[in-house]
Amino acid sequence: MGKGGNLSEGVVKKILLSYTYVAIWIFLSFTVIVYNKYILDRKLYNWPYPISLTIIHMAFCSSLAYLLVRVFKVVEPVTMTMDLYCKSVVPIGLLYAFSLWLSNSAYIYLSVSFIQMLKALMPVAVYSIGVMFKKDVFKSDTMCNMVSISIGVAIAAYGEAKFDTWGVMLQLGAVAFEATRLVMIQILLTSKGITFNPITSLYYVAPCCLVFLFIPWMFVEYPLLKDTSSFHLDWLIFGTNSFCAFALNLAVFLLVGKTSALTMNVAGVVKDWLLIAFSWSVIKDTVTPINLVGYGLAFLGVAYYNHAKLQALKASEAQKKAAQAADEESGRLLEEREGENGGGKRNESQG
């Protein structure tokens with residue numbers, strides 16, 4: 001009875017910890033998105049400099065990642081040559097720079113709720129680019145699902161009360177760059193046996209991302225900031241904002257490490273609905289019934305996509321276990337035959 005009670009207590013603790021990690025990740029992801037919107041929106045904090053904000057984030061994250069890897073040695077660095085860094089990490093840093101720049105820029109023109117609806121296109125972009133680079137196999141049923149997600153997002157866009165073409169182009173560009181980055185991670189890193197956790201990812205990627213952001217910043221935002229002589233960096237606002245961005249990466253590390261990537265995808269759906277509700281109730285963004293119908297359709301498509309991925313993963317694991325069991329059985333039979341042959345030879349020699 002005691003053992004059963006202990007087991008139940010252990011399971012309950014594990015479930016509670018998983019929910020705690022999910023809650024922390026949702027809270028920090030939620031906070032970073034709303035905080036960025038607050039800083040960049042002209043009607044709120046009114047600091048419409050997305051490249052500058054991203055540079056502050058990357059500088060802060062690079063510094064903290066360096067301290068955690070090299071000084072406090074919280075995680076071990078990955079063995080990496082300069083040639084591998086230039087050919088594999090630098091292209092990912094470039095894509096990441098463009099993804100962050102465009103996604104932060106979209107907050108100036110679009111509502112938080114509508115941006116979350118447009119982000120539902122991420123599986124469509126990842127799958128399409130994966131097929132293009134032959135990292136994924138084209139399947140008609142998967143493509144039909146991608147089309148249904150796209151139709152749902154199109155309906156949501158049609159029902160958007162404050163539709164801004166430039167803002168939509170920025171967000172779609174951000175989705176395209178982020179999807180390409182995710183596929184390139186598979187091609188340039190995972191295929192070579194290199195895996196990053198969020199801390200080592202920032203340690204290697206954030207510095208080159210910072211360098212790439214400086215180039216457009218010098219031409220696009222630096223002249224404007226130079227003319228705005230009245231501006232002084234608010235250390236409290238930008239410090240806490242950057243810390244939240246870094247803490248979000250640590251939360252991803254905890255969530256994926258202690259649960260799974262699929263758990264984060266499911267939690268992401270919950271976060272999106274919460275953001276839409278918050279955007280409508282607190283920020284007072286307009287969310288129309290057509291918005292919700294369109295996003296609902298896209299949501300069902302994304303949920304089915306995640307379900308199909310989970311089933312494929314389970315099937316793959318089952319095949320691996322079956323193959324392993326077959327190998328073990330073959331090895332056992334071979335040992336038995338060798339034992340029988342050895343015994344027969346000994347009997348012949350005795351005879």
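How many nonpolar, polar and charged residues are there in the lining of the second largest pocket? Hold that thought for a moment, and keep in mind that what we're looking at is a predicted model.

So, the pocket. Its volume comes out at about 330 Å³. There are 16 residues lining this second largest pocket, and those closest to its centre are Lys37, Asp41, Lys43, Lys162 and Asp285. Back to the opening question, then: by class, the lining splits into 9 charged, 5 nonpolar and 2 polar residues.

Okay, on to the helices. The UniProt entry, an unreviewed one, lists residues 16-35, 47-72, 84-102, 142-159, 165-189, 201-220 and 235-255 under "transmembrane region". Let me take a couple of those and hold them up against the model. Residues 165-189 are 96% helix and 0% strand, with 35 Å between the end C-alpha atoms. Residues 201-220 are 100% helix, again with 0% strand, and there the end C-alpha atoms sit 27 Å apart.

Now, what span should helix α7 have, at 1.5 Å a residue? Helix α7 covers residues 165-188, so with 24 residues the expected figure is 34 Å, and the end C-alpha atoms are indeed 34 Å apart. Have a look at the start of α7 too: a side-chain oxygen of Asp164 comes to within 3.1 Å of the backbone nitrogen of Trp166.

We can run the length check on α2 as well. That helix takes in residues 50-71, which is 22 residues, and goes 31 Å from first C-alpha to last, close to the expected 32 Å. Just after α2 comes Lys73, with a positive phi of about 55°.

And that brings me to two other lysines. Lys134 has phi near 60°, a positive value in a residue other than glycine. You'll find Lys134 in the loop between α5 (122-132) and α6 (140-158). Is Lys134 buried or exposed? Exposed, because its relative accessibility is 75% and the cut-off for that is over 50%.

Then there's Lys284, with a positive phi near 70°, once more in a residue other than glycine. Lys284 is in the loop between α11 (261-281) and α12 (289-350). At 61% relative accessibility, Lys284 therefore counts as exposed.

One last look at the pocket before I sit down: Asp285 is among the residues closest to the centre of that second largest pocket. That's me done, so over to you.

Notes. Residues numbered from 1 in each chain as written. Predicted model: local features only at pLDDT ≥ 70, side-chain atom pairs only at ≥ 80, totals over all residues. Heavy atoms only, no water. UniProt positions renumbered as here; feature names shortened; annotations may be inferred. Helix = DSSP H or I, 4+ residues; strand = E, 2+ residues; numbered from the N terminus. 1 Å grid on protein atoms, 1.4 Å probe; cavity = no way out; pocket = protein on both sides within 12 Å on 5 of 7 lines; lining within 4 Å. Points joined across faces, edges and corners; volume = space filled by probe spheres on them. Nonpolar A, V, L, I, M, F, W, Y, C, P; charged D, E, K, R; others polar. Expected span 1.5 Å × (residues − 1). Polar contact = N/O pair within 3.5 Å; in protein donor to acceptor, adjacent residues only side chain to side chain. Buried < 20%, exposed > 50% of the residue type's maximum accessible area, 1.4 Å probe, protein only.
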